[in-house]
Amino acid sequence: MAPRVQQDRAAWIWAENVCPEDVGEEEEAMAYRVHTPACRRGVCRRNCQGNPNCLVGIGEKLWLGDINDVADDPDWERREKGAFVGLTNLGATCYVNAFLQVWFNNMELRQSLYLCHSAPQDGDGDGDVAAYEPRSIWEHLQYLFALLQNSKRRYVDPSGLVKALGLDTRLQQDAQEFSKLFLTLLEDSLAKQTDPGLQKVIQRQFCGEFSYVTVCDRCSRVSPLPSTFYELELHIQGLRSLGECLVEFLREEKLDGDNRYFCESCQGKQKAARRIRLHSLPPVLNLQLMRFVFDRQTGHKKKLNSYINFPELLDMGPFLDGREGEEDRGCRYELSTVLVHIGVTAYSGHYIAHVKDARNGDWYTFNDEDIEESRSLHLGAEEDLTASQYSQQPRKPRCTKGQHSSRNAYMLVYKKVLEERNATIAEAEVPAFLQQLVDRDNCAFEEQCAKMAVKRNKNMEQWKVVKEIYEMMPAGAEGQPYEFLPLEWLKAWLDESAKKPEIDNTPFLCSHKKLHPDRVCDTKRVSLPAAQLLYNHYGGGPRLDAASALCRDCVAERCRVLRLKSQLQGDCKIVSTLVKSPAGHESFWVGKASLKVWYKLALKQMEEDEHVTKHDGNGAKEYGPHLPEVYNNNNNEEEMRPFNEDIQCIHGTLSTLTNERKPVSAEAWAMLRAYFPRAPEFGQGQQACLECRRSEQEEKAKANAQKSQLFNLFKEKDRPRLVPWPRNMDVLYIVPLQFVDEWRKSVQKPTKSPRVSALDNSLLLCPHGGFMFTYESLVSGEAQHIALLWPAEWDVVKRLFTVDQTVSIHRSRPADKYSTAQYSTQPELCRECRDGFLVQRQRDLREYVSATIIVRKEKMTRQEEEPSVAEHNGSSSDVEEDTEESPKRDTESPMQVDGEAQDFSESVDMKQLKLNAVTSVVPTGPTPHVAVKNNNKNNSKNNNNNAVKTTRRGTRNRKRPEEKSLTVSASQTLRELKIQILGEFAVAPMDQNLTVGGRHLSGDQATLGSLGVTPNSVIVLKADEPIADFAAMYDVYQVGMPEAGFKGTGLLGY
């Protein structure tokens, strides 16, 4: 279906050729889109709001599908007979689930675990198993194995065991480490059993023997170091098969240089050869493929995604000590488990297990809740899942029969081949106390299924009714009765969880109590039988049927508006051409501002004149003519004055501002006059207002008089300074710099700028009437928003302006050459407010939000430069300095300090003095009592009356090509900032060397506020050499470092 804009245009395309008086049924039907073709399911992907006949995508998919989409099938979670039971993934516990399924399928381990007994629990009687609840880790494992064996559920929840272990379900841990720690924990638990046959179960199943044998090159002394193993860790880097990995594991290692061996016979360090010799192998041989290795370049783990071939039948005889090259039937193993990690990096991915059922030889894929059965082992599916993530996909090697290849397998489990191949493996029997817990869970499951069945039957009835009504909704062929229903109500009706209110059509009515043509897109046209069923069941109204819903009056009025609009568009082009041509002798004055917006003004006036959709106040909204968004924007309505009134003075005649008006030809004025008949008309020969001219002359005379009396202040010449203090002068007067800036504007442009008549010095005072600055603070940089006046200038200011408060600074001359001058202010300093201001200023520098900083990237070879003060606290404003007749200030003004706006925040009972509207920090204190408007054009320049000489800087913070702006907050950590920089500069966080003001930023968890990063700071970024595996490093930094591992969990005894 076409976009809504095209549908709206097509609905009213006839209006160009039909007069409003000639509107009939055909035009009426087109305006209400009665004959627009309905959308078909499968073709239309979402609901077409511009088509009232489109009933697709309003929530019907749920009801048109199978009943299982509406109501859960209670038997869906029921375990099939003879099937395995899955485990719920609690977030990031897939690695736990994979190993639990592997250990569950170890029959001897499961049976031994069932035979374990714990100490009697409090409250337990003899033989009372009803009160038994698992508490320890191995008891929870017992219960979980019993559920996996005899539960009626398709999958069970392992949260009891996970909570007992103390694992964080949000973090994915090292699967290999988990396997080692869990078996060690289980071994320790079984060792405490009284039955000797249970104490050594883990050793009998998984423990083998080998020794590290070192042979001295000088004396040939053999030094064996016996040891046991529960798994063999095989390196795979640069290798292609399991056999090569085993050979590499047993390969002789030369000890020389700093790694020489201390021989007891030789009594000194000697060159030697060391190797591992396998002496005995366990029934269950665990082979860890070391896919997750430590990368010395990055300092973190990475995954090796190389293919490794491994056989289904493995002969370990050639690898045993003394049996090299021999074949021993007692050393033949068959593949029973393949543990797979799906993912590119070591810090993310998914774990699954392929396990061979020892009873029938079939393979099962355990993927959390889902279990798939196959006759043979297939490793292709999970290999394809990560193929798209490799930039250069290695070709999978060809495998002969009985061989497999995988780049995701990280652990292989082989079981020793039994001599008696026909021996049947008996199912472990669940003890009575565990079976009772399983039966209790099965009863709860049956009750849940019964409730779901009742709910399903109830939902099935509703499903049938909804489906039947929806299928009869299409209005059908022309001539059949229909009604309009609200679209939002239909969506709520098809939403299973939403309430079903009565049908309310009042918001869609026009002033004639019919369906407004602008609101037809908010309704849907449905057949009369379907509407009748819905009204009978839910009620509401008023009903909008075919006979009474369509409003011809509104359609005719809209036709008239559209025709006027079309005519306006043509006139706009003509007027634009005429305005550009010479005006001629008979011309008229038109305001330049009016010419820019006359098209919008005409549309606005047309909307007001032709607005006929006035409602009667019964809850319905007003909807005027539907105008394009670009013409319907009233954000600047206050700035759009009536046409040509921008050149009309307050006396009703022609304004004296000649640069704000333009002469147009009589033809152009006639066309404009047709749209604005009440606009003021000024011929080109008309004189400007005499009263305005006389008033402007008076204002200019007053301005020139003030300028001559305060000429040095206007030109910023011979200004007083605090350092050095003027000779033979004991007092200087203080006024806000804003007052001086506004006065200069009014004197410079008296006809455009408002006249300054009063001096408000209360801005410099606290709520108690005390001064907010000390002499020392003014000298050190807080004088950027004040101006100093000579006593003679102050006398003139008092005579010309209304002054509310005199503020001055006094100097007491030293009594002798050994004493120093003393400075004081009138009014005196308010110490309480001054201390509150200092505290709040420091707090603002550490509690800002959404502030801007600059990050500058430099090369490591360049000598580190100290960023200038101006760069660290540069203004973010892009306003250039004023060059239009603006008086120059001394570029070596001592009162310019960093361009930093001050923010005066005090306690709740104080007022906040804020002298700059553009602050360098986001204030967090109370609302300012007074906010003085700042002039960015003048404040960027230096004042001649200050103390310490500083470098002049511009108002624009000009970024270099290698600089970028970032938005940060004080509570943001350095690690989060590094991730932002990673996105902007593509530099990995561990390669980033950050400095601010020459200080190195360190501590990833430290906040920017605590590190002294303030708004507008410039952070220098110097990058180390890039790492090879950039994607892996990004993944590492996202999960957070360093790794906590299993610290604090039950695997390590908490």
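A residue counts as buried when its relative accessible area is under 20%. By that cut-off, 47% of the 1054 residues of the protein are buried. The model is a predicted one. The protein has 28 helices and 40 strands. Among contacts between residues at least 6 apart in sequence, 75% join residues at least 24 apart.

**Helix packing around helix 6**

Two packed helices are described by the angle between their axes and the distance between the axes. Helix 6 covers residues 137-150, and its contacts with helix 13 and with helix 5 are described here in turn.

Helix 13 spans residues 432-471, and its axis comes within 9 Å of the axis of helix 6, with a crossing angle of roughly 60°. The two helices are therefore oblique to each other. The crossing of helix 6 past helix 13 is right-handed. On the helix 6 side, the contact is made by Gln142, Tyr143, Ala146, Leu147 and Asn150. On the helix 13 side, the partners are Phe433, Leu434, Gln435, Leu437, Val438, Asp441 and Asn442. Sorted by type, the residues of this contact are 7 nonpolar, 4 polar and 1 charged.

Helix 5 spans residues 107-114, and its axis comes within 10 Å of that of helix 6, crossing at roughly 120°. Helix 5 is thus oblique to helix 6. Here the crossing is left-handed. Helix 5 contributes Arg110, Leu113 and Tyr114, which meet Leu141, Gln142, Phe145, Ala146 and Gln149 in helix 6. The residues of this contact divide into 5 nonpolar, 2 polar and 1 charged.

Gln142 and Ala146 of helix 6 appear in the contact with helix 13, and Gln142 and Ala146 also appear in the contact with helix 5.

**Aromatic pairs**

Rings of Phe, Tyr and Trp are paired if their centres lie within 6.5 Å, and planes over 60 degrees apart count as edge-to-face. The count by this rule is 29 aromatic pairs. One of them joins phenylalanine 84 and phenylalanine 366, with ring centres 5.5 Å apart and 75° between the planes, an edge-to-face arrangement. Phenylalanine 84 sits in the loop between helix 3 (61-64) and strand 1 (86-87), and phenylalanine 366 in strand 17 (residues 363-367), so the pair ties together parts 282 residues apart in sequence. Phenylalanine 84 has a relative accessibility of 11% and so counts as buried. Phenylalanine 366, at 2% relative accessibility, also counts as buried.

Tyrosine 482 and phenylalanine 484 form another pair: their ring centres are 5.7 Å apart and their planes stand at 90°, so this pair is edge-to-face. Tyrosine 482 is buried at 8% relative accessibility, and phenylalanine 484 is buried at 0%.

Ring pairs also link a cluster made up of Tyr95, Phe99, Trp103, Phe178, Phe182, Phe292, Tyr351 and Tyr410.

**Backbone details**

Two cis peptide bonds that precede proline are listed in the table, with the loop that holds each proline.

| Peptide bond | Omega | Place of the proline |
|---|---|---|
| glycine 541 to proline 542, cis | near -10° | loop between strand 24 (540-541) and strand 25 (544-545) |
| valine 723 to proline 724, cis | near -5° | loop between helix 20 (711-715) and strand 28 (731-736) |

Positive phi values are found at arginine 33 and at asparagine 1016. Arginine 33 is not a glycine, yet its phi is about 55°. Arginine 33 lies in the loop between helix 2 (25-31) and helix 3. With a relative accessible area of 6%, arginine 33 is buried.

Asparagine 1016, likewise a residue other than glycine, has phi near 70°. Its place is the loop between strand 39 (999-1000) and strand 40 (1018-1023). Asparagine 1016 has a relative accessible area of 12% and is therefore buried.

Note on methods: Residues are numbered from 1 along each chain as its sequence is written. This is a predicted model: local features need pLDDT of at least 70, side-chain atom pairs count only at pLDDT 80 or more; totals for chains, interfaces and linings use all residues. Side-chain values use heavy atoms; hydrogens and water are left out. Axes are lines fitted to C-alpha atoms, for helices over the stretch in contact, and angles run from 0 to 180 degrees between N-to-C directions. Helices (H or I, at least four residues) and strands (E, at least two) are DSSP runs, numbered from the N terminus. Angles under 35 degrees count as roughly parallel, over 145 as roughly antiparallel, 65 to 115 as roughly perpendicular and the rest as oblique. A crossing is left-handed if the near helix is turned anticlockwise from the far one by less than a right angle, and right-handed if clockwise. Contact means heavy atoms within 4.5 Å. Ala, Val, Leu, Ile, Met, Phe, Trp, Tyr, Cys and Pro count as nonpolar, Asp, Glu, Lys and Arg as charged, and the others, Gly among them, as polar. Rings of Phe, Tyr and Trp (its six-membered ring) pair if their centres lie within 6.5 Å; planes under 30 degrees apart count as stacked, over 60 as edge-to-face and the rest as tilted. Buried means under 20% relative accessible area, exposed over 50%, partly exposed in between (1.4 Å probe, protein chains only).
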